[in-house]
Amino acid sequence: MEIFLYVLALLVAIFISNLLNRFVPFVSVPLIQIGLGVMIALIPITFDLKLNPELFLVMFIAPLLFNDGRRTDKAALWGMRMPILVLALGLVFATVVVIGYFVNWMIPTIPLAAAFALAAALAPTDAVAVSSLSGRINLPKRIMNLLEGEALINDASGLVAFQFAIAAMVTGVFSLLDASISFFVIAIGGVLVGLVLSWLKFKFLKWVRGLGMEDVTFHMLIQILTPFLIYLAAEELHVSGILAVVAAGIMHSMERKKIDPQSVKLNIVSQSTWSVIIFVLNGLVFLLLGTQLPSIIEVVWNDSGISNLQVIAYILSITAALILLRFVWVYLSWNIGAKKREKHNKKTTRPKLRPVLLTSLSGVRGAVTLASALAIPFFLDDGTLFPQRALIIFLASGVILCTLIIATFILPLLAKNEEVTTEDERAEKATRIRILRNVIRELKEQTLPETKAATDEVIEDYRRRIYDLQHDNNTNRGMDEREREKRLEIIEWQRANTQKMADNGELVATDSYRYQHYLNMLEQAIKQRFRTKIKTAWLFVQRFIMLIIHPKKWRKIRHKMKKGISKDNVRFQAIRKLREENEILVIQKLKDQLTEENADLIGPLITEHTMFLERVRNDQTLSRGKRAKSEQKKREVQIVAFQTERDIIQHLFETGGISRDLARELRQNLNMIETYLYDDFLATD
């Protein structure tokens, strides 16, 4: 029961971390998760998690790296192979030597071989942490590709260097020649194992399909098991399991996709399944790191032989040395590369300071560093304790936190003026909205009397997509003052028009009073949003309790409400016409006020009230039989709409309006929407 509660606490913490990130987006999710992990470790649960480094690598790092390899940009990875290898191999070994000697000089109680082991653990950057940066920080695409490629490969070189350093410390024997030969055997062997096993998997799946086994669940299960089986097989053969799963992931991305219903469905299920798996595993990696910190800190913090302030100074010094070494290495390697290119192209420019600094500060350490540090044995071959083991683990954990903090708070300040800007995001969003509006215009032009109701429903779906895009950036901040004032002004327009219709005799006094009361409630909800939310939640709770405790009484109340509407149908139609008139007035006034400066405010409001207007006009009281028939017509209109959307995307791509990457992403999104709606349609048919 204790382990179940522990796992449940971790899963709840993943949810909470992403919820908290909505309110404090300037703090990265990994940092929040580490903090929550510390809190979980302090909860009085009798279950005590002992993190096994080998199990940690196979359970978390293997599937995460497989997915990164599966999703990596192959062209960019190959095009930047030399810069990536310079960082993933050259910088790793330079870090082991330079930082190893630096740690041994600064902390003489840590022997040189143990210092090399610490440096080797700190050498690899973390692919999980780097991928979390890509969603928060607008790094130039070239730098992001370099970081992702480096993180895919340097885990293997760092782990191999760590193993040799530990072996030298434990046995007291080290041979540079043997270590070099072993490294190449382990690295190349890992890549070959990954490629060969992936090829065998493809052959097996081809044979299975030949037997007529096209079950999506079966194929998805094989795909999920792939990274675990390949990692374990590679480790059993004493080669790099890390490089094996990376190679398998890259080869998986090169698999030729078949264009048939089963393959398309498998791809969609695969994307959805892997997104959930990676979401959970990413969270668990940093939560588990947080759960280990209290016990690690306690050992060092209570050690009377070393000052706590001195330990913090060690951590800051090692972090600074890592960043400085990385900066010098990147600057020199880029300069050497520029000089070589100058021989062929005189216009080649030398590397600028900011990209070098961004690349240096982006070297975030994470799960592999922690797993390596925890893998340090407790005893040497002669039976004595491994010197300063607790201090080494504490230093590694401190550097992980420091690099995450730097990437969270300092890196965004330097990256915000780089190539990728919010203006690019706005332009992309504007393009998406323009495509959807063009589809709406085409549908209106093709509307026939017999398909008008179905077309109106499809158009409302497209307007909802436009509305969601327009409000994408506003979901975190809520309603600002400009929007609040405009919404209150809209209510005044509706109130004035209602009074005008009543004065002209177009509306009876009771209907005017009812609608004015509705507008007053709406105004109160905008002015006092928090209180309104509390009241609405309480009303929902009351109705839910009544539904559970007194279901018959609730059904009677609902029946009376429906009966009252049917009896007073004349009044209902009058209110409905009033709403329609008011929405038409609001839309026209908003369009008159629309300018380039206020488009971000007025545009979403026009879309919102257009959706309200269509909802009022459409008959929402269709019988089930009529609704089933209308669903068939709606499906036919949707097919036309999707094809129109594809044609518009293709036209924009051919005329240079959008890039190839954006066109591909738009088509993929459209395919997923169409497949989802098609499956839903079949399920209800």
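A crossing of two helices is right-handed if the near helix is turned clockwise from the far one by less than a right angle. Keep that in mind for the second stop of this tour through a predicted model.

**Stop 1: the whole chain.** Start with everything selected and colour by secondary structure: the protein chain has 26 helices and 0 strands. Now colour by accessibility. Of the 685 residues, 44% are buried. The chain's accessible surface comes to about 37,700 Å², and carbon and sulfur atoms hold 63% of that. Turning to contacts with a separation of 6 or more, 79% of them link residues 24 or more positions apart.

**Stop 2: α5 and α6.** Next, select residues 81–106 for helix α5 and residues 112–122 for helix α6. How far apart are their axes, and at what angle do the helices pack? The axes lie 8 Å apart and the angle is about 130 degrees. The two helices are therefore oblique to each other. Look along the line of sight through both, and you can apply the opening definition: α5 passes α6 in a right-handed crossing.

Show side chains here. From α5, pick Thr95, Val96, Val97, Ile99, Gly100, Tyr101, Val103 and Asn104; they meet Leu112, Ala115, Phe116, Leu118, Ala119 and Ala120 of α6. This contact is made up of 11 nonpolar residues, 3 polar ones and no charged ones.

**Stop 3: Glu489.** Finally, jump to helix α19, residues 481–503, and select Glu489 within it. Is Glu489 buried, partly exposed or exposed? Its relative accessibility is 30%, so Glu489 counts as partly exposed. Add Glu523 to the selection: it sits 34 residues away along the chain, and the C-alpha atoms of Glu489 and Glu523 are 9.8 Å apart.

Conventions. Residues numbered from 1 in each chain as written. Predicted model: local features only at pLDDT ≥ 70, side-chain atom pairs only at ≥ 80, totals over all residues. Heavy atoms only, no water. Axes fitted to C-alpha atoms, helices over the stretch in contact; angles between N-to-C directions. Helix = DSSP H or I, 4+ residues; strand = E, 2+ residues; numbered from the N terminus. Parallel < 35°, antiparallel > 145°, perpendicular 65-115°, else oblique. Contact = heavy atoms within 4.5 Å. Nonpolar A, V, L, I, M, F, W, Y, C, P; charged D, E, K, R; others polar. Buried < 20%, exposed > 50% of the residue type's maximum accessible area, 1.4 Å probe, protein only. Areas by Shrake-Rupley, 256 points an atom, 1.4 Å probe, with all protein chains shown as cover.
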